[in-house]
Amino acid sequence: MEGKSNAAGIRFRPVEGGRIEWNGTFANLVLPLIVDPNDPVQAHALAIANAISCRTTKDGNVVKESGVKYVRLLSRTIRGEERVFAQLVFRGVPFQKAKHTVQRRRGGLDLGPSHVAVVTEGEAKSFDFCAGLDRKEKALRVYRRRSDRQRRANNQENYQEDGTIKPRNERKRWVESHRQKSTKVELAEVQRAMAAERESLQGAMVHVVLSMANDLSSEKVSKKAWQKLWGRSVGHKAPGRFESRTGLLAKASGGSLELVSTWKTYLSSRCLCGKRKKKPQSERKHECGCEFIPNGMHADRDEFSAFLAMHCQGDLLDEGKAREAWLSWGADCLLRSSSSDVCGSRASGESSSTTHKPREARQRRARPKEMRGQSGSLANRSGQRRKSVPINIGRRRALGTSPIGLQLPKTSQPGVKNGGPHAA
Ligand SMILES: [Zn+2]
(Lines give C-alpha, C1' and ligand atoms only; values in the text may rest on other atoms or scores of the structure.)
Protein backbone atom coordinates (compact mmCIF):
# COMPACT_ATOMS: atom_id res chain seq x y z
CA MET A 1 0.00 0.00 0.00
CA GLU A 2 1.52 3.33 -0.94
CA GLY A 3 0.70 7.02 -0.97
CA LYS A 4 0.62 9.28 -4.01
CA SER A 5 2.90 11.89 -2.51
CA ASN A 6 4.41 12.81 0.82
CA ALA A 7 1.86 15.63 1.22
CA ALA A 8 -1.21 13.58 2.10
CA GLY A 9 -2.20 10.07 3.16
CA ILE A 10 0.69 7.98 4.42
CA ARG A 11 3.52 10.46 4.92
CA PHE A 12 6.89 10.97 6.49
CA ARG A 13 7.48 13.85 8.92
CA PRO A 14 11.02 14.82 9.96
CA VAL A 15 10.14 15.37 13.63
CA GLU A 16 11.60 13.50 16.60
CA GLY A 17 14.06 11.68 14.40
CA GLY A 18 11.43 10.97 11.78
CA ARG A 19 8.06 9.24 11.91
CA ILE A 20 5.31 7.95 9.65
CA GLU A 21 1.85 9.49 10.03
CA TRP A 22 -1.42 8.34 8.59
CA ASN A 23 -4.73 9.89 9.53
CA GLY A 24 -7.63 7.53 9.00
CA THR A 25 -11.37 7.73 9.59
CA PHE A 26 -11.22 5.73 12.79
CA ALA A 27 -7.75 6.38 14.13
CA ASN A 28 -4.57 8.31 13.52
CA LEU A 29 -1.48 6.24 13.05
CA VAL A 30 1.90 7.51 14.25
CA LEU A 31 4.87 5.19 13.78
CA PRO A 32 8.32 6.27 14.98
CA LEU A 33 11.24 5.13 12.80
CA ILE A 34 13.59 2.47 14.09
CA VAL A 35 16.99 3.59 12.87
CA ASP A 36 20.35 1.88 13.14
CA PRO A 37 22.77 4.80 13.70
CA ASN A 38 25.75 2.80 12.40
CA ASP A 39 24.15 1.93 9.08
CA PRO A 40 25.52 4.26 6.37
CA VAL A 41 22.62 3.46 4.01
CA GLN A 42 20.07 4.58 6.60
CA ALA A 43 22.13 7.65 7.47
CA HIS A 44 22.22 8.62 3.79
CA ALA A 45 18.47 8.06 3.49
CA LEU A 46 17.69 10.12 6.57
CA ALA A 47 19.84 12.98 5.34
CA ILE A 48 17.74 13.08 2.15
CA ALA A 49 14.47 12.64 4.06
CA ASN A 50 15.19 15.57 6.39
CA ALA A 51 16.31 17.92 3.63
CA ILE A 52 13.80 20.24 2.03
CA SER A 53 14.55 21.43 -1.46
CA CYS A 54 12.93 24.10 -3.62
CA ARG A 55 11.77 23.36 -7.12
CA THR A 56 10.44 25.70 -9.81
CA THR A 57 7.40 24.32 -11.59
CA LYS A 58 6.53 24.87 -15.27
CA ASP A 59 4.33 27.86 -14.32
CA GLY A 60 7.25 29.54 -12.58
CA ASN A 61 6.04 28.91 -9.02
CA VAL A 62 8.54 27.84 -6.44
CA VAL A 63 7.44 24.84 -4.38
CA LYS A 64 9.09 23.35 -1.35
CA GLU A 65 9.66 19.62 -1.56
CA SER A 66 10.62 17.02 0.96
CA GLY A 67 13.28 14.51 -0.01
CA VAL A 68 10.69 11.76 0.34
CA LYS A 69 8.56 11.14 -2.73
CA TYR A 70 6.06 8.86 -1.06
CA VAL A 71 5.75 6.22 1.62
CA ARG A 72 4.82 2.61 1.13
CA LEU A 73 3.59 0.26 3.84
CA LEU A 74 4.66 -3.33 3.41
CA SER A 75 3.35 -6.24 5.44
CA ARG A 76 5.39 -9.42 5.86
CA THR A 77 4.64 -12.50 7.94
CA ILE A 78 7.93 -13.48 9.54
CA ARG A 79 8.04 -16.66 11.63
CA GLY A 80 4.26 -16.61 11.90
CA GLU A 81 4.13 -13.02 13.10
CA GLU A 82 2.83 -10.20 10.95
CA ARG A 83 5.21 -7.26 10.75
CA VAL A 84 4.73 -4.01 8.94
CA PHE A 85 7.57 -2.08 7.34
CA ALA A 86 7.55 1.42 5.94
CA GLN A 87 9.49 1.98 2.76
CA LEU A 88 10.42 5.57 1.97
CA VAL A 89 10.88 6.35 -1.70
CA PHE A 90 13.46 9.12 -2.10
CA ARG A 91 14.54 11.65 -4.64
CA GLY A 92 18.18 11.75 -5.65
CA VAL A 93 20.94 9.22 -6.05
CA PRO A 94 21.07 5.99 -4.05
CA PHE A 95 23.89 5.37 -1.62
CA GLN A 96 26.69 3.23 -2.95
CA LYS A 97 28.66 1.12 -0.52
CA ALA A 98 32.43 1.35 -0.78
CA LYS A 99 32.72 -2.40 -1.39
CA HIS A 100 30.48 -2.24 -4.44
CA THR A 101 32.76 -0.92 -7.12
CA VAL A 102 31.60 -0.40 -10.68
CA GLN A 103 33.92 -0.77 -13.65
CA ARG A 104 32.82 1.49 -16.46
CA ARG A 105 33.73 -0.63 -19.44
CA ARG A 106 32.38 -3.06 -22.01
CA GLY A 107 31.55 -6.62 -21.02
CA GLY A 108 29.61 -9.69 -22.06
CA LEU A 109 27.21 -11.65 -19.88
CA ASP A 110 25.96 -15.17 -20.39
CA LEU A 111 23.06 -16.18 -18.23
CA GLY A 112 22.32 -19.89 -18.17
CA PRO A 113 19.72 -21.85 -16.18
CA SER A 114 22.35 -22.77 -13.62
CA HIS A 115 25.43 -20.80 -14.62
CA VAL A 116 26.46 -17.20 -15.10
CA ALA A 117 29.55 -16.07 -16.99
CA VAL A 118 30.96 -12.56 -17.30
CA VAL A 119 33.76 -11.60 -19.65
CA THR A 120 35.48 -8.26 -19.98
CA GLU A 121 38.81 -7.28 -21.45
CA GLY A 122 41.48 -9.40 -19.80
CA GLU A 123 39.14 -11.00 -17.29
CA ALA A 124 36.58 -13.81 -17.23
CA LYS A 125 34.53 -15.19 -14.41
CA SER A 126 31.88 -17.87 -14.19
CA PHE A 127 29.87 -18.96 -11.19
CA ASP A 128 26.88 -21.07 -10.26
CA PHE A 129 23.60 -19.22 -10.42
CA CYS A 130 22.12 -18.85 -6.90
CA ALA A 131 24.34 -21.63 -5.55
CA GLY A 132 23.01 -21.77 -2.00
CA LEU A 133 19.34 -22.22 -2.77
CA ASP A 134 19.05 -25.98 -3.37
CA ARG A 135 18.45 -27.15 0.13
CA LYS A 136 15.21 -25.36 0.79
CA GLU A 137 13.65 -27.00 -2.22
CA LYS A 138 13.73 -30.24 -0.27
CA ALA A 139 12.26 -28.65 2.85
CA LEU A 140 9.50 -27.17 0.70
CA ARG A 141 8.70 -30.59 -0.68
CA VAL A 142 8.40 -32.02 2.81
CA TYR A 143 6.06 -29.27 3.98
CA ARG A 144 3.96 -29.49 0.85
CA ARG A 145 3.62 -33.23 1.26
CA ARG A 146 2.74 -32.87 4.91
CA SER A 147 0.18 -30.24 4.08
CA ASP A 148 -1.33 -32.54 1.43
CA ARG A 149 -1.50 -35.48 3.86
CA GLN A 150 -3.18 -33.29 6.46
CA ARG A 151 -5.69 -31.92 3.99
CA ARG A 152 -6.60 -35.44 2.92
CA ALA A 153 -6.89 -36.64 6.51
CA ASN A 154 -9.09 -33.72 7.49
CA ASN A 155 -11.36 -33.93 4.44
CA GLN A 156 -11.72 -37.62 3.66
CA GLU A 157 -15.26 -37.20 2.31
CA ASN A 158 -13.96 -34.79 -0.36
CA TYR A 159 -11.79 -37.39 -2.04
CA GLN A 160 -12.69 -40.23 -4.36
CA GLU A 161 -11.51 -43.82 -4.09
CA ASP A 162 -8.60 -43.16 -6.43
CA GLY A 163 -7.36 -40.21 -4.36
CA THR A 164 -8.58 -37.47 -6.68
CA ILE A 165 -10.83 -34.65 -5.49
CA LYS A 166 -14.58 -35.12 -5.95
CA PRO A 167 -16.45 -32.80 -8.34
CA ARG A 168 -17.52 -29.49 -6.87
CA ASN A 169 -21.18 -30.35 -6.36
CA GLU A 170 -20.35 -33.48 -4.32
CA ARG A 171 -17.79 -31.77 -2.14
CA LYS A 172 -18.32 -30.62 1.44
CA ARG A 173 -16.74 -27.59 3.00
CA TRP A 174 -12.97 -27.88 3.40
CA VAL A 175 -11.88 -28.30 6.99
CA GLU A 176 -8.50 -27.14 8.22
CA SER A 177 -7.00 -28.47 11.44
CA HIS A 178 -4.76 -26.40 13.69
CA ARG A 179 -1.80 -28.53 12.73
CA GLN A 180 -2.56 -28.02 9.07
CA LYS A 181 -2.67 -24.29 9.66
CA SER A 182 0.69 -24.35 11.38
CA THR A 183 2.14 -26.39 8.51
CA LYS A 184 0.88 -23.67 6.20
CA VAL A 185 2.65 -21.02 8.29
CA GLU A 186 5.86 -23.05 8.26
CA LEU A 187 5.62 -23.52 4.50
CA ALA A 188 5.07 -19.81 3.98
CA GLU A 189 8.07 -19.09 6.21
CA VAL A 190 10.35 -21.34 4.13
CA GLN A 191 9.11 -19.67 0.98
CA ARG A 192 9.59 -16.19 2.38
CA ALA A 193 13.05 -16.99 3.68
CA MET A 194 13.95 -18.51 0.34
CA ALA A 195 12.77 -15.43 -1.51
CA ALA A 196 14.74 -13.22 0.88
CA GLU A 197 17.87 -15.32 0.45
CA ARG A 198 17.46 -15.34 -3.30
CA GLU A 199 17.20 -11.55 -3.33
CA SER A 200 20.35 -11.31 -1.28
CA LEU A 201 22.31 -13.87 -3.37
CA GLN A 202 21.23 -12.24 -6.60
CA GLY A 203 22.16 -8.81 -5.28
CA ALA A 204 25.66 -10.09 -4.54
CA MET A 205 25.89 -11.61 -8.02
CA VAL A 206 24.76 -8.37 -9.66
CA HIS A 207 27.55 -6.54 -7.83
CA VAL A 208 30.11 -9.11 -8.96
CA VAL A 209 28.99 -8.56 -12.56
CA LEU A 210 29.12 -4.77 -12.23
CA SER A 211 32.53 -4.89 -10.57
CA MET A 212 33.77 -6.26 -13.89
CA ALA A 213 31.81 -4.20 -16.42
CA ASN A 214 28.72 -2.03 -16.60
CA ASP A 215 28.24 -1.69 -20.35
CA LEU A 216 26.91 -5.18 -20.89
CA SER A 217 25.55 -7.32 -23.67
CA SER A 218 23.72 -10.56 -23.13
CA GLU A 219 21.71 -13.03 -25.14
CA LYS A 220 17.99 -12.52 -25.01
CA VAL A 221 16.85 -15.88 -23.70
CA SER A 222 13.35 -17.05 -23.08
CA LYS A 223 12.79 -17.71 -19.38
CA LYS A 224 9.56 -19.43 -20.30
CA ALA A 225 11.41 -21.96 -22.43
CA TRP A 226 13.75 -22.56 -19.50
CA GLN A 227 10.85 -23.20 -17.21
CA LYS A 228 9.51 -25.75 -19.66
CA LEU A 229 12.88 -27.47 -19.84
CA TRP A 230 14.06 -27.25 -16.26
CA GLY A 231 10.88 -26.30 -14.40
CA ARG A 232 11.66 -26.54 -10.72
CA SER A 233 15.38 -25.92 -10.90
CA VAL A 234 14.86 -22.63 -12.73
CA GLY A 235 11.60 -21.43 -11.24
CA HIS A 236 12.83 -20.71 -7.74
CA LYS A 237 16.04 -19.05 -8.92
CA ALA A 238 14.18 -16.30 -10.80
CA PRO A 239 16.68 -15.64 -13.62
CA GLY A 240 14.45 -12.95 -15.09
CA ARG A 241 14.63 -11.01 -11.85
CA PHE A 242 18.41 -11.27 -11.89
CA GLU A 243 18.54 -9.99 -15.44
CA SER A 244 16.29 -7.02 -14.75
CA ARG A 245 18.21 -6.12 -11.58
CA THR A 246 21.49 -6.24 -13.48
CA GLY A 247 20.00 -4.01 -16.17
CA LEU A 248 18.64 -1.58 -13.59
CA LEU A 249 21.89 -1.20 -11.66
CA ALA A 250 23.96 -1.03 -14.85
CA LYS A 251 21.75 1.80 -16.04
CA ALA A 252 21.95 3.58 -12.69
CA SER A 253 25.74 3.50 -12.91
CA GLY A 254 25.72 5.06 -16.36
CA GLY A 255 26.02 1.83 -18.35
CA SER A 256 23.43 -0.45 -19.90
CA LEU A 257 22.43 -4.05 -20.46
CA GLU A 258 21.72 -4.75 -24.10
CA LEU A 259 19.86 -7.93 -24.97
CA VAL A 260 20.77 -9.37 -28.34
CA SER A 261 18.59 -11.78 -30.28
CA THR A 262 19.53 -15.45 -30.00
CA TRP A 263 18.04 -16.17 -33.40
CA LYS A 264 20.24 -13.67 -35.18
CA THR A 265 23.49 -14.13 -33.27
CA TYR A 266 23.29 -17.82 -32.15
CA LEU A 267 26.14 -17.16 -29.74
CA SER A 268 26.06 -20.49 -27.97
CA SER A 269 26.47 -22.52 -31.14
CA ARG A 270 28.96 -20.55 -33.21
CA CYS A 271 32.71 -20.28 -33.28
CA LEU A 272 35.06 -17.44 -34.17
CA CYS A 273 35.97 -19.21 -37.40
CA GLY A 274 32.34 -19.01 -38.51
CA LYS A 275 31.45 -22.67 -37.97
CA ARG A 276 28.12 -23.40 -36.32
CA LYS A 277 27.41 -26.47 -34.30
CA LYS A 278 24.66 -26.83 -31.77
CA LYS A 279 25.78 -28.10 -28.38
CA PRO A 280 23.56 -29.97 -25.96
CA GLN A 281 23.17 -28.22 -22.59
CA SER A 282 25.23 -30.96 -20.92
CA GLU A 283 28.24 -30.08 -23.09
CA ARG A 284 30.13 -27.53 -21.02
CA LYS A 285 33.09 -26.99 -23.35
CA HIS A 286 33.47 -25.20 -26.62
CA GLU A 287 35.84 -27.10 -28.91
CA CYS A 288 36.40 -26.55 -32.60
CA GLY A 289 39.82 -27.47 -33.96
CA CYS A 290 40.23 -24.27 -35.97
CA GLU A 291 42.98 -21.67 -35.80
CA PHE A 292 41.28 -19.86 -32.90
CA ILE A 293 40.51 -22.91 -30.81
CA PRO A 294 43.06 -25.49 -31.89
CA ASN A 295 42.75 -29.22 -31.29
CA GLY A 296 43.38 -30.19 -27.71
CA MET A 297 42.22 -26.82 -26.44
CA HIS A 298 38.80 -25.62 -25.35
CA ALA A 299 36.98 -22.68 -23.83
CA ASP A 300 34.26 -22.78 -21.19
CA ARG A 301 31.01 -22.73 -23.09
CA ASP A 302 29.38 -19.98 -21.03
CA GLU A 303 32.45 -17.79 -21.00
CA PHE A 304 32.91 -18.16 -24.74
CA SER A 305 29.32 -17.18 -25.32
CA ALA A 306 29.77 -14.19 -23.02
CA PHE A 307 32.91 -13.25 -24.94
CA LEU A 308 30.93 -13.26 -28.19
CA ALA A 309 28.07 -11.34 -26.58
CA MET A 310 30.55 -8.65 -25.63
CA HIS A 311 31.20 -8.00 -29.33
CA CYS A 312 27.58 -7.79 -30.33
CA GLN A 313 25.87 -4.61 -31.32
CA GLY A 314 22.28 -4.25 -32.42
CA ASP A 315 21.60 -7.98 -32.88
CA LEU A 316 24.76 -8.50 -34.93
CA LEU A 317 28.08 -10.02 -33.96
CA ASP A 318 31.05 -7.99 -35.12
CA GLU A 319 33.19 -10.95 -36.13
CA GLY A 320 36.26 -8.94 -37.08
CA LYS A 321 36.33 -7.18 -33.73
CA ALA A 322 35.76 -10.43 -31.88
CA ARG A 323 38.66 -12.16 -33.70
CA GLU A 324 40.94 -9.22 -33.02
CA ALA A 325 40.05 -9.26 -29.34
CA TRP A 326 40.52 -13.03 -29.21
CA LEU A 327 44.05 -12.75 -30.57
CA SER A 328 45.00 -9.83 -28.34
CA TRP A 329 43.61 -11.00 -24.97
CA GLY A 330 40.72 -13.46 -25.33
CA ALA A 331 42.79 -16.56 -25.98
CA ASP A 332 45.04 -15.89 -22.97
CA CYS A 333 42.05 -15.40 -20.81
CA LEU A 334 39.63 -18.11 -21.97
CA LEU A 335 41.56 -20.83 -23.74
CA ARG A 336 42.42 -23.93 -21.76
CA SER A 337 44.17 -27.13 -22.49
CA SER A 338 41.74 -30.05 -22.65
CA SER A 339 44.22 -32.68 -21.48
CA SER A 340 45.76 -30.98 -18.48
CA ASP A 341 43.34 -29.10 -16.34
CA VAL A 342 43.53 -25.37 -16.19
CA CYS A 343 45.24 -22.66 -18.14
CA GLY A 344 46.03 -19.27 -16.69
CA SER A 345 44.48 -18.00 -13.50
CA ARG A 346 41.04 -19.48 -14.06
CA ALA A 347 41.07 -22.19 -11.40
CA SER A 348 37.89 -21.16 -9.58
CA GLY A 349 35.70 -20.96 -12.64
CA GLU A 350 36.89 -24.33 -13.85
CA SER A 351 36.10 -26.08 -10.59
CA SER A 352 32.59 -24.69 -10.40
CA SER A 353 31.79 -25.77 -13.92
CA THR A 354 33.15 -29.27 -13.41
CA THR A 355 31.25 -29.78 -10.18
CA HIS A 356 28.16 -28.71 -11.96
CA LYS A 357 28.36 -30.94 -15.00
CA PRO A 358 27.26 -34.24 -13.50
CA ARG A 359 24.26 -32.72 -11.76
CA GLU A 360 22.88 -31.29 -14.94
CA ALA A 361 23.52 -34.45 -16.90
CA ARG A 362 21.72 -36.44 -14.22
CA GLN A 363 18.72 -34.14 -14.40
CA ARG A 364 18.45 -34.57 -18.12
CA ARG A 365 18.55 -38.30 -17.85
CA ALA A 366 16.04 -38.44 -15.04
CA ARG A 367 13.39 -36.37 -16.74
CA PRO A 368 12.17 -38.73 -19.49
CA LYS A 369 11.98 -41.60 -17.01
CA GLU A 370 9.88 -39.56 -14.67
CA MET A 371 7.52 -38.68 -17.48
CA ARG A 372 7.15 -42.24 -18.67
CA GLY A 373 6.46 -43.35 -15.11
CA GLN A 374 9.18 -45.97 -15.00
CA SER A 375 11.00 -47.17 -11.94
CA GLY A 376 12.48 -43.77 -11.04
CA SER A 377 11.90 -43.06 -7.36
CA LEU A 378 10.01 -39.81 -7.98
CA ALA A 379 7.65 -41.34 -10.48
CA ASN A 380 7.07 -44.24 -8.18
CA ARG A 381 5.97 -42.06 -5.31
CA SER A 382 3.64 -39.88 -7.27
CA GLY A 383 2.23 -42.94 -9.01
CA GLN A 384 1.46 -44.56 -5.68
CA ARG A 385 -0.15 -41.46 -4.35
CA ARG A 386 -2.52 -41.21 -7.21
CA LYS A 387 -3.70 -44.78 -6.74
CA SER A 388 -3.80 -44.84 -2.93
CA VAL A 389 -6.87 -44.18 -0.85
CA PRO A 390 -6.99 -40.73 0.79
CA ILE A 391 -5.09 -41.70 3.91
CA ASN A 392 -2.94 -44.71 4.01
CA ILE A 393 -1.67 -45.15 7.54
CA GLY A 394 1.11 -47.53 6.57
CA ARG A 395 2.38 -45.07 4.05
CA ARG A 396 2.21 -42.20 6.49
CA ARG A 397 4.25 -44.10 8.97
CA ALA A 398 6.76 -45.00 6.33
CA LEU A 399 7.14 -41.38 5.35
CA GLY A 400 7.37 -40.26 8.96
CA THR A 401 10.29 -42.52 9.76
CA SER A 402 12.13 -41.91 6.53
CA PRO A 403 15.10 -39.55 6.85
CA ILE A 404 13.41 -37.01 4.57
CA GLY A 405 10.19 -36.95 6.53
CA LEU A 406 11.72 -36.36 9.93
CA GLN A 407 14.97 -34.52 9.59
CA LEU A 408 14.44 -32.00 6.89
CA PRO A 409 12.04 -29.61 8.52
CA LYS A 410 14.41 -29.42 11.48
CA THR A 411 17.57 -28.94 9.43
CA SER A 412 15.79 -26.33 7.41
CA GLN A 413 15.23 -24.20 10.49
CA PRO A 414 18.68 -22.61 10.63
CA GLY A 415 18.27 -21.78 6.97
CA VAL A 416 15.02 -20.07 7.78
CA LYS A 417 16.71 -18.00 10.43
CA ASN A 418 19.48 -17.06 8.03
CA GLY A 419 16.95 -15.84 5.54
CA GLY A 420 15.24 -13.63 8.07
CA PRO A 421 17.41 -10.55 8.38
CA HIS A 422 17.58 -10.06 4.60
CA ALA A 423 13.99 -8.99 4.38
CA ALA A 424 14.10 -6.64 7.33
ZN1 LIG B 1 36.24 -22.59 -34.89
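Tyr159 is buried in this predicted model. Its relative accessible area is 5%. Under the 20% cut-off for burial, this value places Tyr159 among buried residues. Trp174 is partly exposed, at 34% relative accessibility. That figure falls between the 20% and 50% limits.

Tyr159 and Trp174 belong to the six aromatic pairs that the structure holds. Their contact is edge-to-face. The ring centres lie 6.0 Å apart, and the planes meet at 80 degrees. Both residues sit in the loop between helix H2 (134–154) and helix H3 (178–210). They are 15 residues apart, and the pair links distant parts of the chain.

Phe304 and Trp326 form another edge-to-face pair. Here the centre-to-centre distance is 5.6 Å. The angle between the planes is 85 degrees. Phe304 lies in helix H7 (residues 301–310), whereas Trp326 lies in helix H8 (residues 319–334). The pair therefore ties together parts of the chain that are 22 residues apart in sequence. Phe304 is buried, at 2% relative accessibility. Trp326 is buried as well, with a relative accessible area of 1%.

Phe304 and Trp326 are also members of a cluster. Ring pairs join these two residues with Phe307 and Trp329.

A contact between a charge and a ring involves Arg276 and Tyr266. Arg276 lies over the face of Tyr266. The distance from the ring centre is 3.5 Å.

Definitions and conventions
Residues numbered from 1 in each chain as written. Predicted model: local features only at pLDDT ≥ 70, side-chain atom pairs only at ≥ 80, totals over all residues. Heavy atoms only, no water. Phe/Tyr/Trp six-rings, centres within 6.5 Å; stacked < 30°, edge-to-face > 60°. Helix = DSSP H or I, 4+ residues; strand = E, 2+ residues; numbered from the N terminus. Buried < 20%, exposed > 50% of the residue type's maximum accessible area, 1.4 Å probe, protein only. Lys NZ or Arg CZ within 6 Å of the ring centre and 35° of its normal.
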